[in-house]
Structures are given as structure tokens and as C-alpha cells.
Amino acid sequence: MWYHRPVINEELLQSLPYLKIVASSGVGIDHLDLNLLSSYGVKVSNTPFAVSTDTADFGMALMLASSRRLVEGYQMAVSPDTEYFPADWLGSEVSGATLGIVGMGSIGYKVAKRAKAFEMKILYHNRNQRNKEEESAVGAIYCKKIDDLLQQSDFVLLSVNLTPQTHKLIGKRELELMKPTATLINISRGLVVDQDALVEALQNKVIKAAALDVTYPEPLPRDHPLLKLKNVTITPHIGSATGKACRLMMENMVESIQAGLTGLPIPNEVL
């Protein structure tokens, strides 16, 4: 599967009685009905480690672009109407700021490694606390309650899988807990955020800004209010879109398929 295609439904499964494995690119598996696949005896694999480095890079890129108003600045610099650059053009500091990472898996942890180089204070919320050695390596502090992270962070970065538990994890209540100077960064899935609540929070300055590589749907309707707000940076779900990552994803999928067809343990099998 590449970009969630083909659609794996009961009709397809019934037409493929000898199907043994579905190898899906990327990390997220929210597009797959694991119970349905299991009922047909079909195994599933993904490619989480192939995308983690480039997606972590992109999370930092979104943080920097949003905080320093990169898109707005570019538009000003190239606009035919620009006669001078304003002296009061101010962004927000990243170095020394507090970053809250929601989801400290492979991607989230690599974001923390990068943030450490910016001398950021790192908080994280995760289903399970990482061991002390891993926390110490990046200087991360565990927040058992997401509310504590939201209240303290200058930047909140979402790096969780989409599950029933994380569906609209960030809504009106959570946004109101954030600082009015805070920025929300989403590199996970659009449905992790209640977009209507996010629009309202951005319009009413409940939070300062948002940087989103993911939305729902993708792409957004061309008249969607998120596309009209200056304090929003949106990219077309390209966190893992590098040549190296795509090739590695394909290699990982081939390895899983070969293992699945020969009865060997499947690398990155989704259980």
C-alpha cells in the first residue's frame, strides 16, 4: 500500500483468497481495519523507522518556520508591492523555549534530540514513560498528565498514532490550557486535532499560531478558514517526503512481503 491505496475492504479480501500480507508504507495504520484483516488470516506490516528521521527534521522545520514567520516573510520579500521592510517584524524565539512533545515514539524522540541542540526545555507525554537513560540523553521531563505539558509549553508538537484514544485529542479544552503565546505543531494525523476548535482558537488568539503538515481532509477545501489565517503554516503531508525515506520505505515493504510469503518472522509486523 502506498498513500493508503488500494483500499483494503471486505470486497477486495474476498477476491484475494490467497492473500498473506498487506505491507503499508509509513507509520500510521488508521486506514486499515486490523480486525477485518486478521479475520481473513492476513498479516500487516508498516515502515515506522524508515520515516522517523525525516519526519523529525520536518517537525523542527515547521517549528522554526512558524516561530520566525518564514512564509509571511517570504511573501513580503517577493511581493511587487513591497517598498520597505518593517522594523517591527518580530518572531518568537525557539532556542531556550519549552517544547512539549505529545507522543514520544521513534519520531518524537528524534525531535527531542534535535530540540536539545536548540537548548530547549523538553517535556513529553506518552502512554509509557521512557527509561531514565533515554530521558537523560535528551534532557526530557515526563508529564503523566497532558494538561501539565500543555500549560507549560511554548511549542506543543503532536507525534502520535491516530487511534480511538487520540481522535481529537486536542480540542477546545486543551487549546484553552495552552499559553496564548504558544504554537501547535502537528506532524501526526489531522484527526488528532479538533479543527473547528483550532480555527476558533487561532481566530480568537487563544493560542498564537499553528503549523500543520496534516489536516482533514487532505487537501482542505479551498475555502477552508485555516487557509485564510496568517498565523497558520500548512504543508501537504510531506513530513517523510524525501527520496531516501521513500526508497527505504519501499525496501522495508519488500522485506516484509518476502518474509510473509516464506513464513519467516515479518519485520515491523503490526500486531
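**Exercise 1. The surroundings of S45**

In this predicted model, a polar contact of 3.4 Å joins the side chains of S45 and S256. Work out in which element S45 lies, whether S45 is buried or exposed, and which residues S45 touches beyond four places in sequence.

*Solution.* Begin with the location: S45 belongs to strand β2. Next take the accessibility, where the relative accessible area of S45 is 0%, and because buried means under 20%, S45 counts as buried. Then turn to the contacts, leaving aside residues up to four places away in sequence: S45 touches I21, V22, A23 and S24, and also S256, I266, P267, N268, E269 and V270. The residue S256 thus appears both in this contact list and as the partner of S45 in the side-chain polar contact of 3.4 Å.

**Exercise 2. Two loop residues, S25 and G41**

Place S25 and G41 relative to the neighbouring elements, and decide for each whether the residue is buried or exposed.

*Solution.* The loop between β1 (21–23) and α2 (34–39) holds S25, whereas G41 sits in the loop between α2 and β2 (43–45). S25 has a relative accessible area of 14% and is therefore buried, while G41, with 52%, is exposed. The contacts of S25, again without residues up to four places away in sequence, are M1, W2, Y3, T47, M249 and M253. One of these, W2, also serves as a reference point for G41: the two residues G41 and W2 are separated by 39 residues in sequence and by 21 Å in space, C-alpha to C-alpha.

**Exercise 3. Backbone conformations to check**

Which peptide bonds, ending at P217 and P219, are cis, and which signs of phi do H4, R69 and K205 have?

*Solution.* The expectation comes first: most residues other than glycine have a negative phi, and most peptide bonds are trans. Against that background, the bond joining Y216 and P217 is cis, with omega about -5°, and the bond from E218 to P219 is likewise cis, with omega near -5°. Both P217 and P219 are found in the loop between β8 and β9.

For phi, H4 has a positive value of about 65° although it is not a glycine; H4 lies in the segment before α1 (10–15) and is partly exposed, with a relative accessible area of 36%. R69, also not a glycine, has a positive phi of about 55°, is located in the loop between α3 and α4, and is partly exposed at 27%. Finally, K205, which follows α9, has a positive phi near 60°.

**Exercise 4. The second largest pocket**

Describe the lining of the second largest pocket by element and by residue class, and identify the residues closest to its centre.

*Solution.* The space in the second largest pocket amounts to about 430 Å³. Of its 20 lining residues, R69, E72, K230, N231 and V232 are the closest to the centre. Sorting by element, those that give two or more residues to this lining are α3 (48–67), α4 (70–78) and β9 (232–234), and the largest share, four residues, comes from α4. Sorting by class, the lining divides into eight nonpolar, seven polar and five charged residues. R69, listed among the residues closest to the centre, is also the residue with a positive phi of about 55° from Exercise 3.

**Exercise 5. The largest nonpolar core and α9**

Which elements supply the largest nonpolar core, and how is helix α9 covered and capped?

*Solution.* As a starting point, nonpolar side chains in soluble globular proteins tend to be buried together. Here the largest nonpolar core has 29 residues, and L175, L184, L198 and L226 have the most contacts inside it. At least two residues of this core come from each of α7 (146–152), β6 (155–158), α9 (195–203) and β8, with α9 giving the largest share, five residues. A second, separate core of 28 residues includes A56, V94, V138 and A211.

Now consider α9 itself, whose buried residues are Q195, A197, L198, V199, A201 and L202; among the elements that cover these residues are α8 (172–177), β7 (183–186), β8 and β9. Contacts of L175 illustrate the packing, since L175 touches I170, L184, A197, L198, A201, V206 and I207, not counting residues up to four places away in sequence. At the N-terminal end, D194 caps α9 through a side-chain oxygen that lies 3.2 Å from the backbone nitrogen of D196.

Note on methods
Residues are numbered from 1 along each chain as its sequence is written. This is a predicted model: local features need pLDDT of at least 70, side-chain atom pairs count only at pLDDT 80 or more; totals for chains, interfaces and linings use all residues. Side-chain values use heavy atoms; hydrogens and water are left out. On a 1 Å grid over the protein atoms alone, a cavity is a set of points where a 1.4 Å probe fits but cannot get out, and a pocket is an open set with protein on both sides within 12 Å along at least five of seven lines; lining residues have an atom within 4 Å of a point. Grid points are joined across faces, edges and corners, and a volume is the space filled by probe spheres set on the points. Ala, Val, Leu, Ile, Met, Phe, Trp, Tyr, Cys and Pro count as nonpolar, Asp, Glu, Lys and Arg as charged, and the others, Gly among them, as polar. Buried means under 20% relative accessible area, exposed over 50%, partly exposed in between (1.4 Å probe, protein chains only). Contact means heavy atoms within 4.5 Å. A nonpolar core is a set of buried Ala, Val, Leu, Ile, Met, Phe, Trp, Tyr and Cys residues joined through side-chain atoms within 4.5 Å. A polar contact is a pair of N or O atoms within 3.5 Å; within protein, one must be able to donate a hydrogen and the other to accept it, and residues adjacent in sequence count only if both atoms are side-chain atoms.
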